[in-house]
Structures are given as C-alpha cells and as structure tokens.
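This report describes selected features of a single protein model. It treats charge pairing, one helix and surface patches in turn.

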Amino acid sequence: LSIETVKDPEPRAEDIVIKVHRCGICGTDLHLTSAHQFSFLAGSVLGHEYAGEVVEIGSAVTGIRKGDIVTALPSRGCGHCDTCRRGNVPLCRNETGEMGGFGEYLRIQGHLAVQLPGTLSLADGALIEPLAVSLYGVRQANMQPGDRVLVLGGGAVALTTIYWAKRLGAGRIVCVSRSRRREAMALAMGADAFVQSGDNEIGDVAEALGGPPAIVFECVGATGIVARAIEHVAPFGTVMSLGFCTAPDSFVPAMAGNKCATLKFSIGYTLRDFEHAANVMDKGHADPKMLITSTVTLDDMPAKFESLRAPNDDTKVHVLIAGT
C-alpha cells in the first residue's frame with residue numbers, strides 16, 4: 001500500500017461526494033491483497049466500511065443535503081440486472097465497485113446512501129457495512145425462532161453474526177474458535193457458550209447446544225471449514241458460508257447428503273440491511289462498537305494493515321481519515 005495524492009472525485013448527476021471520517025479495515029481487504037487469483041487491481045483505492053459527511057450533491061439527487069452524516073453501500077449498480085432487481089447491488093456485473101473509503105473524499109450513488117440517525121456516531125456508521133454483511137447472511141439462512149445455532153470463527157463477521165442471530169430469535173448459540181482471545185466478546189455479543197476447537201469439538205458443541213445445530217454459520221474463510229460445518233450440522237439443517245475462502249477447498253458430498261443438509265453461500269447485502277442496521281444499532285443487547293479494538297491515522301494505516309496479516313488481538317481496526 002502507498003499513500004498518494006489523486007484528483008478529487010466529482011459527482012455525476014446521480015452521485016454525492018462525501019468527506020470520509022472513518023473507514024474500517026476488512027478481512028477481505030487483506031485477502032484480496034495477498035497475491036493470489038482473487039486480487040484487487042493495481043492502483044485500486046481500498047476501503048468499503050466508511051462513514052462521512054456529504055460535501056457535494058449531484059443534480060438528480062433528492063433527499064440528501066450537504067452536511068448530512070452518511071454511510072453507503074460501497075457499490076454501483078446498473079439497476080437492471082437480476083442481482084440489482086434482487087437488491088444485492090454488490091453482485092452487479094455491469095458496474096464497478098465503489099471503494100475508496102481510505103481516501104479523504106469518495107463518490108457514491110446518492111440512492112445507496114444511508115443517513116445515520118442522530119443517536120449514532122461516525123464510529124457506529126463505519127460498522128454498518130460489516131453488520132449488514134452478517135444480517136444478510138442470517139436472513140439468507142432462513143433461521144427459525146428457537147433454532148440451535150453454531151458460529152464457526154471469532155472474527156468480526158462471526159461476532160456480528162452472533163449479534164444478529166441473537167436479535168432475530170435464535171435459541172442457544174455457540175461460538176467455536178481455535179483461540180479464546182475473543183471468548184468474552186462472543187459471549188457479550190449474544191453467544192450462550194464458547195467452545196475451543198479441537199478433537200472433542202463435535203460433542204462439546206452438541207452438549208452446549210442441547211443437540212446438533214440446525215444452522216451452522218461458517219465465518220472463518222479457510223480450507224476445511226465447510227467440511228467441518230457439515231460434520232456439525234443436524235439432519236435437514238443448513239450450512240451458511242460467510243467466510244469468503246478464496247483457495248480451492250473440498251468436502252465429501254455424501255456426508256452432506258446423508259443429512260439432507262442444505263449448503264449455501266452468501267456475499268453482499270441490500271440497502272434494507274444497511275437501513276435496518278442503522279435504525280436499530282443503538283437499541284440492542286450489545287454495543288457493536290466493542291468490536292473496535294484499534295484506531296490509527298491514515299499515515300499509520302499501511303503499517304497497521306500489514307501487521308494484521310499475522311496473528312493479532314485486533315477485531316476491527318478503524319482508520320481515522322478526518323475528525324474523530
């Protein structure tokens with residue numbers, strides 16, 4: 001990564017420009033700058049977990065004023081393809097993404113901006129995107145009230161998945177991770193028990209849940225984890241993969257078939273997920289800002305970014321672009 005001066009963005013008719021205040025570092029940012037087949041293009045301006053202040057408004061934009069504090073879906077959509085009609089704009093193949101949250105100014109489509117309620121801070125606003133990822137995933141899993149839920153992983157996606165599963169009516173929730181570093185945070189976000197992964201993991205989870213999980217959320221994104229999720233899931237249960245593993249992986253289909261299990265994958269979100277997260281973020285059982293374990297300046301961001309590739313104690317790092 002390098003910090004460079006580039007031309008300020010100018011809004012088209014349907015766009016707004018925001019002055020970015022905060023932007024979170026995502027695990028995807030790390031994955032897609034790791035020199036494998038899924039990578040950002042050279043010259044990309046990264047950052048998609050942002051919040052900031054509206055400073056310019058295109059001629060066709062309504063309902064937004066200069067000075068509004070917003071976050072936004074970090075994508076552009078054509079509005080006509082099947083993914084856009086389904087509301088999952090990040091999957092649109094006819095437009096490019098709309099990253100750039102690690103820059104001082106950012107252009108976004110006005111209709112994809114979400115104004116933050118007055119009770120939320122800019123730190124809250126920069127958490128809306130990761131909250132929307134897990135909210136969309138929990139919705140796609142078709143969780144029923146009282147379902148036993150297992151979450152594999154201890155990172156930000158896993159923790160926000162626990163948060164939404166709790167809020168949307170799960171029964172018992174168990175978190176499994178190889179390290180106990182985030183055990184307290186998982187319990188605070190809504191897990192009923194924490195199990196450290198190991199040889200007795202399957203039995204320990206079933207005991208903690210009172211039976212095998214109806215839904216397993218795979219939030220690790222490493223090879224072998226989907227296969228482990230299939231081992232855990234109950235007959236006729238669902239494995240929902242949110243981990244975004246970018247390496248070839250394998251599992252035995254017969255193991256899933258012998259349980260009539262459903263295997264699903266989820267990427268993206270809808271504007272409704274952003275709006276709901278913003279509207280209820282300050283009304284839940286836990287404050288999602290507990291996820292923020294470090295804040296750094298833009299000048300310090302490249303070094304901090306590289307440090308996150310090694311094992312670390314950070315959950316969510318926020319980069320302060322402007323303000324606090």
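A salt bridge is taken here as a side-chain nitrogen of Lys or Arg within 4 Å of a carboxyl oxygen of Asp or Glu. The model is a predicted one, and by this rule the count comes to 15 salt bridges. Side chains of opposite charge can pair when their charged atoms come close.

**Salt bridges**

Three of the pairs are set out below, each with its N to O distance.

| Acidic residue | Basic residue | N to O distance |
|---|---|---|
| Asp15 | Arg107 | 3.7 Å |
| Glu183 | Arg180 | 2.9 Å |
| Asp287 | Lys289 | 3.3 Å |

In the pair of Asp15 and Arg107, the side chains meet at 3.7 Å, N to O. Asp15 belongs to strand β1 (residues 15-24) and Arg107 to strand β4 (residues 105-109), so this salt bridge ties together parts that are 92 residues apart in sequence. Is Asp15 buried or exposed? Because its relative accessibility is 0%, Asp15 counts as buried. Its partner Arg107 has a relative accessible area of 25% and is therefore partly exposed.

In the pair of Arg180 and Glu183, the closest N and O atoms are 2.9 Å apart. Arg180 is partly exposed, at 42% relative accessibility, and Glu183 is also classed as partly exposed, at 24%.

The salt bridge of Asp287 with Lys289 has its closest N and O atoms 3.3 Å apart. Asp287 has a relative accessibility of 37%, so it counts as partly exposed; Lys289, at 30%, is likewise partly exposed. Which residues are joined into one network by salt bridges that share partners? They are Arg12, Glu14, Asp15, Arg76 and Arg107, and the pair of Asp15 and Arg107 described above thus lies within this network.

**Helix α4**

Helix α4 covers residues 128-140, which makes 13 residues. From its first C-alpha to its last, α4 reaches 18 Å, close to the 18 Å expected at 1.5 Å a residue. Eleven of its 13 residues are buried, so α4 is largely enclosed by the rest of the structure. A residue counts as buried when its relative accessible area is under 20%. The buried residues of α4 include the nonpolar side chains Ile128, Leu131, Val133, Leu135 and Val138; Glu129, Ser134 and Tyr136 are also among them. After α4 comes Asn142, with a positive phi near 55°.

**Surface patches**

Two patches on the surface may be described, one nonpolar and one charged. The nonpolar patch is formed by Phe251, Leu263 and Phe265, which together have about 290 Å² of accessible area. Leu263 is located in strand β11 (residues 262-265). With a relative accessibility of 31%, Leu263 is partly exposed.

The other patch carries negative charge and gathers Asp8, Glu10, Glu56 and Glu104. Glu56 lies in strand β2 (residues 49-57). At 37% relative accessibility, Glu56 counts as partly exposed.

**A position in helix α10**

Helix α10 (residues 271-280) contains Asn279. The relative accessible area of Asn279 is 45%, so this residue is partly exposed. Asn279 and Met185 are separated by 94 residues in sequence and by 23 Å in space, C-alpha to C-alpha.

Technical notes. Residues numbered from 1 in each chain as written. Predicted model: local features only at pLDDT ≥ 70, side-chain atom pairs only at ≥ 80, totals over all residues. Heavy atoms only, no water. Patch = residues over 30% accessible without salt bridge, like charges linked within 9 Å, V, L, I, M, F, W, Y side chains within 5 Å. Areas by Shrake-Rupley, 256 points an atom, 1.4 Å probe, with all protein chains shown as cover. Helix = DSSP H or I, 4+ residues; strand = E, 2+ residues; numbered from the N terminus. Buried < 20%, exposed > 50% of the residue type's maximum accessible area, 1.4 Å probe, protein only. Expected span 1.5 Å × (residues − 1). Lys, Arg positive; Asp, Glu negative; His and termini not counted. Charge placed at Lys NZ, Arg CZ, Asp CG, Glu CD.
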